[in-house]
Amino acid sequence: MMASRIVLLALAAALAACAARPPVAENPPRDGTVSVGLGGHARFAGLDVEPVRIEEDSRCPTGVQCIQAGTVRLLVRIADRRGERQPVLTLGKPVALEAGGWLGLAAVCPYPRHPDRIARESYRFTLAFRAEAPPTPLEQPCAG
């Protein structure tokens, strides 16, 4: 009787842990790009990247003349077999990862328009991973 309760409790705990985790792609890409919103997960082989917070979005809105083009800086949570860390990625400036490979913020959509503000839930971040060389920014990422 006591053993069956222990088995049921263990099973319930295992099911709760599975329900709390976001779904994982069966064969996540080793190299490639994935677009996600804040709190979403971009998965590459052995690497889980979650956009946590926008640190800066200083891109020049359409219809406005700016002296500087601006950028986007995004705090991400990176988890892999070595553990977890939270670096800030800058649009178009990939970073070398300790475990090997490169991770970059390749695009951010939508593009700002004056006088509108972008709603937090409207942001889409295209994260790019390359095993051998830094990824490049995407051409016309918000077209369509």
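**Exercise 1. Decide whether D80 is buried or exposed in this predicted model, and describe its surroundings.**

Solution. Begin with the accessibility: the relative accessible area of D80 is 15%, and since a residue counts as buried under 20%, D80 is therefore buried. Next, place the residue in the chain, where D80 belongs to strand 4, which covers residues 72-80. Then look at the side chain, one polar atom of which lies 2.8 Å from the backbone nitrogen of R82. Finally, list the residues that D80 touches when those up to four places away in sequence are not counted, namely G46, L47, R85 and A99.

**Exercise 2. Work out which strands make up the open sheet that contains strand 9, and how they are paired.**

Solution. First take stock of the protein chain, which has one helix and nine strands and follows the pattern α-β-β-β-β-β-β-β-β-β when read along the sequence. Four of the strands form an open sheet in the order 1-9-8-7, with antiparallel pairing. The edges of this sheet are strand 1 and strand 7 (95-96), each of which pairs on one side only. As a general background to this step, strands of a sheet pair through backbone hydrogen bonds, either parallel or antiparallel.

Now follow the two neighbours of strand 9 in turn. Strand 1 (residues 32-36) is joined to strand 9 by five bridges, and the two run antiparallel, while strand 8 (residues 102-109) pairs with strand 9 in the antiparallel sense over seven bridges. At the level of single residues, F125 in strand 9 is the bridge partner of V36 and also the bridge partner of V108, whereas R124 is the bridge partner of C109.

**Exercise 3. Find out how covered strand 9 is, and which kind of aromatic pair F125 forms with Y123.**

Solution. Start with the strand as a whole: strand 9 spans residues 124-130, and five of its seven residues are buried, so that, with the limit for burial set at under 20% relative accessible area, the strand is mostly covered. F125 is one residue to examine more closely, and its relative accessible area of 0% means that F125 is buried. Y123 likewise counts as buried, at 8% relative accessibility.

Then turn to the rings. The count of aromatic pairs comes to two. One of them is formed by Y123 and F125, with 5.6 Å centre to centre and 5 degrees between the planes. Because planes under 30 degrees apart count as stacked, the pair of Y123 and F125 is a stacked one.

**Exercise 4. Identify which residues have the most contacts inside the largest nonpolar core, and which elements contribute to this core.**

Solution. The largest nonpolar core has 20 residues, and V49 and L105 are those with the most contacts inside it. The elements that give two or more residues to this core are strand 1, strand 2 (42-44), strand 3 (47-57), strand 4, strand 8 and strand 9. Among these, strand 4 gives the most, with four residues. To see the setting of V49, leave out residues up to four places away in sequence; the residues that V49 touches are then G40, H41, A42, V76, R77, I78, L103 and L127.

As a last step, set this core against the whole chain. Buried residues make up 29% of the 144 residues in the protein chain. Among contacts with a separation of 6 or more, 48% are between residues 24 or more positions apart. The accessible surface of the protein chain is about 9400 Å², and carbon and sulfur atoms account for 54% of that surface.

Key. Residues are numbered from 1 along each chain as its sequence is written. This is a predicted model: local features need pLDDT of at least 70, side-chain atom pairs count only at pLDDT 80 or more; totals for chains, interfaces and linings use all residues. Side-chain values use heavy atoms; hydrogens and water are left out. Buried means under 20% relative accessible area, exposed over 50%, partly exposed in between (1.4 Å probe, protein chains only). Two strands pair if DSSP finds at least two bridges between them. A polar contact is a pair of N or O atoms within 3.5 Å; within protein, one must be able to donate a hydrogen and the other to accept it, and residues adjacent in sequence count only if both atoms are side-chain atoms. Contact means heavy atoms within 4.5 Å. Rings of Phe, Tyr and Trp (its six-membered ring) pair if their centres lie within 6.5 Å; planes under 30 degrees apart count as stacked, over 60 as edge-to-face and the rest as tilted. Accessible areas come from the Shrake-Rupley method with a 1.4 Å probe; for residues, only the protein chains shown count as cover. A nonpolar core is a set of buried Ala, Val, Leu, Ile, Met, Phe, Trp, Tyr and Cys residues joined through side-chain atoms within 4.5 Å.
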